[in-house]
Amino acid sequence: MSLTKFILIICHIPIFYISINLLFKFSQFRHEIKPVATYLILTGILFAISLVLWFYNINNLIILHILVPLRFLLLITIYNKIFSGYLPKWIMQIVAAIFCIYSIVNTFLFETYDTFNSSALTIEGVVMIILSLSTYLFLIDKRMTKHLKDFKRSIEWVNSGVFIYYTTTLTVSYFGKFIIELLSPELSRYTWMVNSILIIIM
């Protein structure tokens, strides 16, 4: 086993640990935190499936096509709670619906399930960066965050994780096909290893 393969596997261990830990403690969380916990548990499950497929040299990009719309829905749910009372819920719901429809159409007609869905990932990244920056501005005004109460600190951490992850991986998302098709397997693994580390940070 090459060094990059070994490091890539090691990078997945914290994700699996966090997912399993959250799964057992899920019922103890406040309802505001549950979308975050659900997202992390889902990520752990899909990453585990992806890793198994990768071990058996089976194309695992279909996992990414499943993860992207589900992740988008869960993160939109979180931001809907943040902007509750200041932004009509239907706006976020329409954004989520449009993205999910686009993602599904993209998978079946353009970037099929066995290829890297760069466009969906790029759009997701841009939307999440806009939402995270808006949240930073929103959190500055204490009058607008009274409904968050002691949940505010958690929101700050989650929002920072979202911002760091999507700003640093936007380039990987955009050039995903290039990375997979043109770079050597070794260099490609280094790229996804960095991506895994950023997910841990998030």
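Two exercises with worked solutions follow, on helix H4 and on a salt bridge of this predicted model.

Residues are numbered from 1 along each chain as its sequence is written. In this predicted model, local features need pLDDT of at least 70, side-chain atom pairs count only at pLDDT 80 or more, and totals for chains, interfaces and linings use all residues; side-chain values use heavy atoms, without hydrogens and water.

**Exercise 1.** Determine which residues of H4 are buried and what they pack against.

*Solution.* Helices are DSSP runs of H or I with at least four residues, numbered from the N terminus. Step 1: H4 comprises the 22 residues 89-110; at 1.5 Å a residue it should span 32 Å (1.5 Å times one less than the number of residues), and its end C-alpha atoms are 30 Å apart, which agrees. Step 2: Met92, Ala96, Phe99, Cys100, Ser103, Asn106 and Thr107 are buried (under 20% relative accessible area, 1.4 Å probe, protein chains only). They cover an arc of only 125° around the axis (directions from the axis to the C-beta atoms), which puts them on the same side of H4. Step 3: the face turned away carries Trp90, Ile98, Ile101, Phe108, Leu109 and Phe110, which are exposed (over 50%). Step 4: the buried residues pack against helices H3 (61-82) and H5 (118-140), with contact meaning heavy atoms within 4.5 Å.

**Exercise 2.** Identify the partners of the salt bridge formed by arginine 71 and locate them.

*Solution.* Step 1: a salt bridge requires a side-chain nitrogen of Lys or Arg within 4 Å of a carboxyl oxygen of Asp or Glu; the count is one. Step 2: arginine 71 pairs with glutamate 124, the closest N and O atoms being 2.8 Å apart. Arginine 71 lies in H3 and glutamate 124 in H5, so the pair ties together parts 53 residues apart in sequence. Step 3: arginine 71 is buried at 2% relative accessible area, and glutamate 124 is buried at 0%.

How values were computed
Helix = DSSP H or I, 4+ residues; strand = E, 2+ residues; numbered from the N terminus.
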